[in-house]
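Trainee: Could you pick one part of this model and take me through it closely, along with whatever surrounds it?

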Amino acid sequence: MIDVKDLSVRFGGKTVLDAINVQFEKGEFVTIAGNNGAGKTTFLRTLMGIVTPVKGEVTYDTGISKGKIGFMSDRSGFFENFTLKQGIDFHSRVYRLDQFDDTLLRHLGLDLKTKVKHLSVGERVLFLFSLVISQKPGILFIDEILHTIDPYLREVFLEHLLEVIDRFNTTVITVNHTFSEIETIPGRILVMEDGRIILDESAEVIKTKIKKIESTGEIPGDIPVLYKKEVLEYNEYYVYPFSEELRKSFDYQFRDLTLSEIIKSFIGGYYVKKRISRGS
Amino acid sequence: MFRLTIDAGLSVPVYKQTAQAIKVEILSGRLKDGDKLPPIRELAKVIKLHPNTVAKVYSTLEEEGFVESKIGSGNWVKYKNKKLDQLRKVLVEEEFRNFIDRVLAVGASKKDIKELMEKYLNGEKND
């Protein structure tokens with residue numbers, strides 16, 4: 001339903017997105033991870049048409065109108081001097097909404113006469129979310145907002161997000177560093193590095209492909225290591241790609257990892273490569 | 001509402017873990033034949049899973065013969081006693097194997113295991 005072909009973006013001669021090819025299906029929940037500067041946010045913004053690519057294209061399913069595409073980011077600075085009521089009216093006109101869903105505002109006890117600039121960070125996110133919910137979104141882009149809000153509001157947000165997904169079969173594409181609460185939600189994980197997608201797997205499959213070994217000595221070279229971390233007297237080796245054959249051939253304990261640990265090892269591997277290539 | 005815990009650190013797929021947890025609820029008697037299961041949207045919100053994952057949990061349980069899905073009215077616990085006995089046998093053996101692995105890992109001998117088994121099984125009887 002979203003088809004990305006050969007997408008490249010350059011900012012002032014620097015390649016930020018490098019010939020990306022990927023497809024997203026209706027109803028998928030995709031999480032994009034990667035180091036700072038990998039191009040995640042630019043990728044989201046290009047998908048939405050905010051950033052213009054130098055090459056390639058993004059095609060949406062014909063069934064999806066612009067009004068059904070929601071976007072949430074911690075950078076969305078919008079109508080600071082508006083009251084909530086004015087913000088809602090504005091958003092309703094731009095997106096041609098039939099009606100505003102005020103469930104979340106009532107839940108937070110927010111007064112419509114409050115000015116946007118007087119909301120707390122968490123209240124802003126949920127106000128923005130209630131505007132997005134009112135769009136009955138077919139696609140929802142969420143850029144790094146989970147970590148900005150407190151645990152209670154995070155839960156409120158997640159519960160409403162899951163309800164929206166169920167009601168509108170929404171395709172959700174999120175950019176995330178922190179996973180704790182949503183560990184088990186994404187169905188598909190993308191890892192970006194230097195403007196490219198270096199991993200694109202279902203959450204189920206990636207967990208079978210990466211494992212951790214703890215060892216005091218060096219491990220044999222035929223075990224593929226993505227990232228090695230020194231911890232006190234021993235080393236942690238993040239093995240990728242892992243196959244069950246390795247378990248038979250070597251007498252190590254290959255341990256399962258959480259999604260957060262998997263993402264961290266990919267990013268850790270990136271920084272190690274970077275250090276080596278800089279020769280320090 | 002019954003309690004389900006999912007271990008995000010395991011490579012066992014989340015839908016399988018959830019289906020397994022519901023089967024344990026059935027075996028323990030907390031969910032009975034004919035009970036209504038929570039609607040997909042509600043369960044998704046409570047255990048923080050994607051609605052598609054919850055739908056997969058219910059369809060897996062239906063295939064395995066523990067749930068009946070009625071169009072328009074939701075999902076219901078439904079099983080044959082024979083099916084339940086089979087499941088109990090599998091789970092008991094699985095738990096037992098795990099237990100043996102753990103005590104062997106901390107250095108128990110076969111003799112230790114036998115003696116302790118006798119002790120605790122008989123102890124329970126005498127209570």
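Mentor: Let's settle one term before we start: a residue is buried if 20 or more other C-beta atoms lie within 10 Å of its own, exposed if 12 or fewer, and partly exposed in between, with C-beta atoms placed from the backbone. Bear in mind, too, that this is a predicted model.

My pick is α5 of chain A, residues 151–168. Let's come at it from the residues upstream. In the loop between α4 and β6 of chain A you'll find A:Lys136, which isn't a glycine yet has a positive phi of about 50°. A:Lys136 has 17 C-beta neighbours inside 10 Å, so it counts as partly exposed. Then comes strand β6 of chain A, residues 139–143, and after that the loop between β6 and α5, where A:Glu144 sits. A:Glu144 is another non-glycine with a positive phi of about 50°. Its count is 18 C-beta neighbours inside 10 Å, so A:Glu144 is partly exposed as well.

Now the helix itself. At 1.5 Å a residue, the 18 residues of α5(A) should span 26 Å, and the end C-alpha atoms are indeed 26 Å apart, so the two agree. Right after α5(A) there's A:Asn169, with a positive phi near 50°.

Which residues of α5(A) are buried? They are A:Leu153, A:Arg154, A:Phe157, A:Leu161, A:Leu162, A:Val164, A:Ile165 and A:Asp166. The cover over them comes from both chains: it includes α4 (121–134) and β7 (171–175) of chain A, plus α2 (40–47) and α3 (51–63) of chain B.

Take α4(A) from that list. It packs with α5(A) at an angle of about 10°, the axes being 11 Å apart. Angles under 35 degrees count as roughly parallel, so α4(A) and α5(A) are roughly parallel to each other. On the α4(A) side the contact uses A:Gly122, A:Val125, A:Leu126, A:Phe129 and A:Ile133, while α5(A) brings A:Leu153, A:Val156, A:Phe157, A:His160 and A:Val164. Sort that contact by class and you get eight nonpolar residues, two polar and no charged ones. A:Leu153, A:Phe157 and A:Val164 turn up in this contact and also among the buried residues of the helix.

The strand in the cover, β7(A), belongs to an open sheet of six strands with mixed pairing, ordered β5-β6-β7-β3-β8-β9 in chain A. β5 (69–73) and β9 (196–202) of chain A stand at the edges with a single partner strand each, so one side of each has no neighbour in the sheet. From one strand to the next, the twist averages 15°. As for β6(A), it runs parallel to β5(A), and five bridges join the pair. In that pairing A:Met72 stands opposite A:Ile142 of β6(A).

Last, the other chain. 20 residues of chain A are in contact with 16 residues of chain B. On the chain A side, α5 and α6 (203–209) each supply at least two of the residues that touch chain B. The largest share, six residues, comes from α5(A). By class, the chain A side of this interface divides into seven nonpolar, five polar and eight charged residues.

So what should you look at in α5(A)? Start with its contact with α4(A), which has no charged residues, then move to its six residues on the side that touches chain B.

Key: Residues are numbered from 1 along each chain as its sequence is written. Chains are lettered from A and ligands numbered from 1 in the order in which they are written. This is a predicted model: local features need pLDDT of at least 70, side-chain atom pairs count only at pLDDT 80 or more; totals for chains, interfaces and linings use all residues. Two residues are in contact if their C-beta atoms, placed from the backbone, lie within 7 Å. Helices (H or I, at least four residues) and strands (E, at least two) are DSSP runs, numbered from the N terminus. Ala, Val, Leu, Ile, Met, Phe, Trp, Tyr, Cys and Pro count as nonpolar, Asp, Glu, Lys and Arg as charged, and the others, Gly among them, as polar. Two strands pair if DSSP finds at least two bridges between them. Axes are lines fitted to C-alpha atoms, for helices over the stretch in contact, and angles run from 0 to 180 degrees between N-to-C directions. The expected span of a helix is 1.5 Å times one less than its number of residues. Angles under 35 degrees count as roughly parallel, over 145 as roughly antiparallel, 65 to 115 as roughly perpendicular and the rest as oblique.
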